[in-house]
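Dear colleague,

I am handing over the structure below, together with some notes on what turned up when I went through it. Please read them alongside the sequence and the coordinates.

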Amino acid sequence: MAQLSDDCFAFGGPMMSVDEAVSIIAARVTAVQDIETVSLTAADGRILAKEISAPLPLPPFTNSAVDGYAVRSGDLAQVEEQEQALPVAGRVQAGAAAQGPVEPGHAVRIFTGAPMPQGADTVFMQEDVRLDQGRVVVPMGLKPGANVRMAGEDIPAGHSALAAGQRLRPQDVALVAAFGLTHVEVRRRIRVAVFSTGNELVSPGASRGAAQLFDSNRFMLMAMLVRLGCEVSDLGILGDDRVSLASALKSVAGTLDLILTTGGVSTGEEDHVKAAVESVGTLVLWRMAIKPGRPVAMGIIGGTPFIGLPGNPVASFVTFVHVVRPTVLALAGATQQHLIPMPVRAAFTYKKKIARREYVRVNLRKGENGVLEAVKFPREGAGLLSSLVDTDGLVELGEEITLVEPGQTVGFLGYASLI
């Protein structure tokens with residue numbers, strides 16, 4: 001299990017920026033050390049434990065990029081706009097070796113992916129030539145080396161192809177397969193326990209009292225964790241009681257890599273998570289300069305990191321992205337994946353406080369001249385699940401911004417990029 005020091009998340013300032021939070025997490029969280037070997041079919045989304053260097057060049061041999069005719073460029077006439085007829089001697093299909101070198105002054109019929117015959121260095125596309133009684137008539141002006149894929153032009157042998165810490169994507173798996181490898185070494189999945197807190201919550205399917213709500217945050221957070229490659233334990237709902245909260249948290253510490261809760265991290269009389277964690281571990285209440293969000297509890301219980309997110313679903317979603325996501329990546333041994341907003345044009349007016357990063361829920365549409373525009377969701381409450389469901393993503397407004405007006409360029413983060 002991940003074992004962290006009690007002061008891992010200590011922070012001295014009264015208000016923390018998003019960038020400070022991410023940098024502290026990345027610097028102070030220690031990755032799990034366990035490594036396992038998985039097949040390529042199970043590799044997507046896993047964290048590569050060891051660098052993969054190319055065991056062979058890609059492509060492994062020089063081959064034709066098109067269906068056509070392979071020739072020696074030195075045999076071609078140098079007069080522009082003049083055709084030239086070459087006898088066709090030989091045929092090379094993909095998967096078959098050339099029978100011999102191309103003879104001077106001749107052409108060889110060749111297909112996409114077939115190895116180039118010795119001596120040939122250029123390929124005419126079949127669409128650009130015509131056949132005339134066993135000869136191929138080729139136009140002039142084709143550049144030497146055209147339509148040929150050289151051995152190793154994609155990746156040379158010995159080149160570092162995938163770095164340790166890479167979160168494997170389908171295209172990465174394809175690259176490993178192209179090297180002929182069948183398995184990869186990856187970090188084991190990190191194990192996360194998820195609790196919701198609050199007497200007002202009941203699980204879906206249970207009997208709901210008149211003053212109670214069905215718990216939604218827990219299921220949202222578990223889905224986000226699964227997308228990050230975690231093994232998730234659903235530990236249900238904890239009531240607003242400090243002693244039972246402390247007991248439940250202590251019982252899972254040391255057996256998992258991360259404890260995550262939602263709700264009860266503010267400073268109200270019935271917000272008991274802070275006191276519960278302090279009774280069995282250490283805790284720092286991070287007041288982040290972020291909206292929606294702000295109060296996030298981080299701490300250590302028995303060497304296991306603890307994160308307590310706000311109870312409002314939008315605040316929980318946004319703080320997950322900026323606190324839980326980098327923590328999970330750090331624990332899993334993954335390279336931190338920085339979020340890069342896409343520039344779009346604002347189609348709304350918005351005022352905000354300086355020195356605070358804010359996230360505005362928006363939809364994208366095509367505006368004038370096909371330029372993408374961000375349209376603000378009409379309501380702003382942090383408790384509105386519909387504002388996450390009925391939008392495409394978030395516009396990120398940096399700490400220095402105080403006013404957004406229509407036509408201004410802003411940064412858009414699609415939901416798919418956030419997990």
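In this predicted model, helix α4 (residues 242–252) and helix α5 (residues 273–280) pack at an angle of about 50°, with their axes 8 Å apart, and the two helices are therefore oblique to each other. Their crossing is right-handed. On the α4 side the contact is made by R242, L245, A246, L249 and K250, which meet V273, A275, A276, V277, S279 and V280 of α5; by character, the residues of this contact divide into eight nonpolar, one polar and two charged.

The largest nonpolar core has 51 residues, and of these L260 and F320 touch the most other members. At least two residues each are supplied to this core by α1 (18–28), β13 (191–197), α3 (217–227), β17 (258–262), β20 (295–301), β21 (304–309), α6 (313–331) and α8 (415–418), with the largest share, 11 residues, coming from α6. If its neighbours within four places in sequence are left aside, L260 is in contact with V192, A193, V194, F195, L221, L225, I307, L309, F320 and V324. Apart from this core lies another, of 19 residues, among them L238, A246, I259 and F306; A246 is also one of the α4 residues that meet α5.

Finally, a word on G209, which is found in the loop between β14 (201–202) and β15 (213–214). G209 counts as partly exposed, because its relative accessibility is 24%. The C-alpha atoms of G209 and E405 are separated by 45 Å, the two residues being 196 residues apart along the chain.

With best wishes

Note on methods
Residues numbered from 1 in each chain as written. Predicted model: local features only at pLDDT ≥ 70, side-chain atom pairs only at ≥ 80, totals over all residues. Heavy atoms only, no water. Axes fitted to C-alpha atoms, helices over the stretch in contact; angles between N-to-C directions. Helix = DSSP H or I, 4+ residues; strand = E, 2+ residues; numbered from the N terminus. Parallel < 35°, antiparallel > 145°, perpendicular 65-115°, else oblique. Left-handed = near helix turned anticlockwise from the far one by under 90°. Contact = heavy atoms within 4.5 Å. Nonpolar A, V, L, I, M, F, W, Y, C, P; charged D, E, K, R; others polar. Buried < 20%, exposed > 50% of the residue type's maximum accessible area, 1.4 Å probe, protein only. Core = buried A, V, L, I, M, F, W, Y, C linked by side-chain atoms within 4.5 Å.
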